[in-house]
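Colleague: Could you take a close look at one part of this model for me, the middle helix and what it packs against? I would love a connected walk through it.

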Amino acid sequence: MTLNCRWTIEDALNKFAEDRNYTESLERLRELQAEEILADAFQNYMIKENAPKTLLERFFKMLSNLLRMFSRNSDVIDS
């Protein structure tokens, strides 16, 4: 069975926008989609708590530590 997929990047971005009721420019849709991909990857990283291997995973680990530091020291930060 051969799939004949003729979706373009623009089609995928339009579908992304339609699913979320966005009315942004294609450039802004690219940014929003990239942001969502990174957010999903970070969420998966936080759930799995694997040792960081790639550069992106090391960045997520650093971000996780930073968020943890802010939440643990919120009383000091607030004052």
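Modeller: Happy to; what follows goes along that helix, from one packing contact to the other. Please keep in mind that this is a predicted model.

Let us begin with the first contact. Helix α1 covers residues 9-20 and helix α2 covers residues 26-48; their axes lie 10 Å apart, at an angle of about 75°. That angle makes α1 roughly perpendicular to α2, because values of 65 to 115 degrees fall in that class. From α1, the residues making the contact are Glu10, Leu13, Asn14, Phe16, Ala17 and Arg20, and from α2 they are Leu26, Leu29, Arg30, Leu32, Gln33 and Glu36. Sorted by class, the residues of this contact are six nonpolar, two polar and four charged.

Within this contact, Leu29 deserves a pause. Leu29 belongs to helix α2 and has a relative accessibility of 1%, so it counts as buried, the limit being under 20%. Setting aside neighbours within four places in sequence, Leu29 touches Leu13, Phe16, Ala17, Tyr22 and Glu24. Take Ala17 from that list: it is twelve residues away from Leu29 along the chain, and the two C-alpha atoms are separated by 7.0 Å. Leu29 and Ala17 also belong to the largest nonpolar core, whose five residues are Leu13, Phe16, Ala17, Leu29 and Leu32. Both α1 and α2 supply at least two residues of this core, and the largest share, three residues, comes from α1.

Between the two helices there is a residue worth a glance. Asn21 sits in the loop between α1 and α2, and its phi is near 60°, a positive value in a residue other than glycine. As background, most residues other than glycine have a negative phi. With a relative accessible area of 70%, Asn21 is exposed, whereas Leu29 is buried.

Now to the second contact of the middle helix. The axes of α2 and helix α3, residues 55-72, come within 10 Å and cross at roughly 75°. That makes α2 roughly perpendicular to α3. Here Leu38, Ala41, Phe42, Tyr45 and Met46 of α2 meet Leu56, Glu57, Phe60, Lys61, Leu63, Ser64 and Leu67 of α3. The class count for this contact is nine nonpolar, one polar and two charged residues.

Aromatic rings add detail to this second contact. The structure holds three aromatic pairs. One of them joins Phe42 and Phe60 edge-to-face, with 5.2 Å from centre to centre and 65° between the planes. Since Phe42 lies in helix α2 and Phe60 in helix α3, this pair ties together parts that are 18 residues apart in sequence. Phe42 and Phe60 are both buried. Phe60 also pairs with Phe59, in a tilted arrangement with 6.1 Å from centre to centre and 50° between the planes. Those two partners differ in exposure: Phe60, at 5% relative accessibility, counts as buried, while Phe59 is partly exposed, with a relative accessible area of 42%. Ring pairs thus link Phe42, Phe59 and Phe60 into a cluster.

To put the walk together, α2 is roughly perpendicular to α1 and also roughly perpendicular to α3. On the α1 side, Leu29 is part of the largest nonpolar core; on the α3 side, Phe42 of α2 pairs with Phe60 of α3.

Terms used:
Residues numbered from 1 in each chain as written. Predicted model: local features only at pLDDT ≥ 70, side-chain atom pairs only at ≥ 80, totals over all residues. Heavy atoms only, no water. Axes fitted to C-alpha atoms, helices over the stretch in contact; angles between N-to-C directions. Helix = DSSP H or I, 4+ residues; strand = E, 2+ residues; numbered from the N terminus. Parallel < 35°, antiparallel > 145°, perpendicular 65-115°, else oblique. Contact = heavy atoms within 4.5 Å. Nonpolar A, V, L, I, M, F, W, Y, C, P; charged D, E, K, R; others polar. Buried < 20%, exposed > 50% of the residue type's maximum accessible area, 1.4 Å probe, protein only. Phe/Tyr/Trp six-rings, centres within 6.5 Å; stacked < 30°, edge-to-face > 60°. Core = buried A, V, L, I, M, F, W, Y, C linked by side-chain atoms within 4.5 Å.
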